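Ready for some practice at reading a protein model? Keep the picture open and try each exercise before you look at the solution.

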Amino acid sequence: MNAIGENLPFLLGGFVLTLGYAAGALVIAMVLGGVLGTADYAVAHRPVRWAIRGFVGLFRNTPFIVQLYIWFFGLPYVGVQLSPAAASLAGLGLYGAGYVTEIVRAALAGVGTEQEEAALSVGLTHWDLTLRVVWPQGFPAMVPALTNEAVALVKNTSLLGFITVTELTLRTQQAISSTFASLPLYLTAGVLYLVVNVLLTVLARRMETVLARRRRGSALNRGRTSRTETANA
Amino acid sequence: MPDSPVEDREMTRRDESADAPRSGPGTAAGGPPAVLDVRGLGMSVGATAILSEVSFRLEKGNTLSVVGPSGSGKSSLLRCLNRLERACAGSVLLNGVPTDTVAAPVLRGRIGLVSQKFALFGHLDVLANVTLGLRRARRMSKQDARERAGSWLARVGLAGLERRRPHELSGGQQQRVAIARAAALEPEVLLLDEVTSALDPELVEEVENVVLGLARGGTSLIVVTHEIPFAAKVADVMLMLEGGQVVETGPPADVLGSGHPRARRFFARHARGTGDRPAGDRE
């Protein structure tokens, strides 16, 4: 207990870094994955789709730790030296984007050809149908998988210590090396990861509930939702 | 005296056709102006011919009903006309202009299609379902789009349901929204693909009445249907397809009384009530 109390401020400092890297990488992964997943669904130009699939294949099918090493230790061989922070954000962000791309593409494809053809039949362009018909209906299906990805991303920050980023796990190991209290300190770190991931999961569940209620168009929020969507139409 | 405006309209048409030379499908230049002129339309999937040398003309304000057994190519014909199917041979002239010179989104605004499965946009309310095409394809202002959508929804008997979500409507109401959504674009030709086939029998009539209303209002229609009595009632010209080929075409009475063996067999099956009419089939 003493080891926890003495090292808690040190661990919390690492936890803040963990949250920062996770948030930054999450933004990169969601934005890049969202754009690439949408393009993979909507763009008919084959070379573009092949390039997107190459990106997904590369980042999804190789271990994160290997990618992280290449970002930090490999790129200097071609004259590019990234700081630990930049390598961490690039590594985590692009690794996550590989998964998010597939999540988005699959959810959009799942909306189905009937909706696509109905939208085309009223004269919508392919981009209009993608953004105004398919995306709003595909998004609820993405939420659970994106939540999984966000949780995985938070946990993957624990590998950033390999390139000298003093995030929560590395600081835990440093504290253990001076106190030898491995079990209490690892448990403390585990609890901190658990708290943030449970919060993420609860938020995502809340979002799923709201989206489901909107889709059902319950009497409670029908007026508000309809006004919003009609205004956007 | 006719009992209804529909019968009145039919009688008027028949009287006109009795006086004037028949300008049935395939009529060459010199007849009334054709809003749609289809020449030698063909479509294949691999080695299988889905449509072969299909030709007909649709005059402005007229209705063409397309009948035939399942798998005869009826839905594929409509999908070729508004280019949901790309691999179609032959030529289609819309008001004299080849449709392959028109961008697909523009063409689809001019040749509207309503499918048998409604496919309303579930995330939008009824009004927004109708205004979406008006705003994005027709570039209408929000106010104008709402006014036109409201007018079409009233015309199909759905005034007051603008704020409902699609899942809160009956099948018949959903199909009427789908018809209003396509008709509100005021296309030069409206294609209706088995719009009653996914409905319970008691809902069929309400949708058929909407289609009759459109035909009465002068919309140029092509109606694919398995409901032979309705096909005869709504159409100026009937066309029967089988195996992707035109078997018979002409005024409904002539087609129904055709001596062509395949047509006779098909209509006899329907008269006995054994004609195949699977819900949701798509050729």
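## Exercise 1: a loop residue

B:Glu194 sits in the loop that links β7 and α7 of chain B. Helices (H or I, at least four residues) and strands (E, at least two) are DSSP runs numbered from the N terminus.

Before going on, some housekeeping: this is a predicted model, where local features need pLDDT of at least 70 and side-chain atom pairs count only at pLDDT 80 or more, while totals for chains, interfaces and linings use all residues. Residues are numbered from 1 along each chain as its sequence is written, and chains are lettered from A and ligands numbered from 1 in the order in which they are written.

**Task.** Work out whether B:Glu194 counts as buried or exposed, then do the job again for A:Phe180.

**Solution.**
- Step 1: get the rule. A residue is buried if 20 or more other C-beta atoms lie within 10 Å of its own, exposed if 12 or fewer, and partly exposed in between, with C-beta atoms placed from the backbone.
- Step 2: apply it. B:Glu194 has 25 C-beta neighbours inside 10 Å, so it is buried.
- Step 3: turn to A:Phe180, found in the loop between α7 (168-179) and α8 (182-216) of chain A. With 9 other C-beta atoms within 10 Å, A:Phe180 is exposed.
- Step 4: check the backbone. Most residues other than glycine have a negative phi. B:Glu194 is not a glycine, yet its phi is positive, about 45°. A:Phe180 isn't a glycine either, and its phi is positive at about 60°.

## Exercise 2: the six-stranded sheet

**Task.** Find which strands stand at the edges of the open sheet with the order β6-β7-β8-β3-β9-β10 in chain B.

**Solution.**
- Step 1: know what pairing takes. Two strands pair if DSSP finds at least two bridges between them.
- Step 2: read the order. This open sheet has six strands, and its pairing is mixed.
- Step 3: look at the ends. β6 (111-114) and β10 (245-250) of chain B each have a single partner strand, so one side of each has no neighbour in the sheet.
- Step 4: zoom in on one pair. β7 (residues 189-193) and β8 (residues 221-224) of chain B are parallel and share four bridges. Here B:Leu192 is opposite B:Val223 of β8(B).

## Exercise 3: the four-stranded sheet

**Task.** Trace the neighbours of β1 in the open sheet β2-β1-β4-β5 of chain B.

**Solution.**
- Step 1: note the sense. The four strands pair in an antiparallel way.
- Step 2: take one side. β1 (residues 34-45) and β2 (residues 48-59) of chain B are joined by eight bridges. They make a hairpin with two residues between them, and B:Gly46 in the turn has a positive phi of about 65°.
- Step 3: take the other side. Six bridges link β1(B) with β4 (residues 88-94) of chain B.
- Step 4: follow one residue across. B:Asp37 has B:Arg57 as its bridge partner in β2(B), and B:Asp37 is opposite B:Leu93 in β4(B).

## Exercise 4: an enclosed helix

**Task.** Check whether the length of α6(B) agrees or disagrees with the expected span, and say how many of its residues are buried.

**Solution.**
- Step 1: compute the span. The expected span of a helix is 1.5 Å times one less than its number of residues, so the 13 residues of α6(B) should cover 18 Å.
- Step 2: compare. The end C-alpha atoms of α6(B) are 18 Å apart, which agrees.
- Step 3: count. In α6(B), 12 of the 13 residues are buried, so the rest of the structure largely encloses this helix.
- Step 4: list the neighbours. The buried residues of α6(B) pack against α5 (113-121) of chain A, along with β6, α4, α5 (142-155), β7 and α7 (201-216) of chain B.

## Exercise 5: core and contact

**Task.** Find which residues touch the most other members of the largest nonpolar core, and how many residues each chain gives to the contact.

**Solution.**
- Step 1: define the core. A nonpolar core is a set of buried Ala, Val, Leu, Ile, Met, Phe, Trp, Tyr and Cys residues joined through C-beta atoms within 7 Å.
- Step 2: pick the hubs. Among its 131 residues, B:Ala180, B:Val211 and B:Val223 touch the most other members.
- Step 3: find the top contributor. Helix α4 (residues 84-109) of chain A gives the largest share of this core, 11 residues.
- Step 4: turn to the contact, where two residues touch if their C-beta atoms, placed from the backbone, lie within 7 Å. Chain B gives 29 residues and chain A gives 22 residues.
- Step 5: break down the chain B side. The largest share, seven residues, comes from α4(B).
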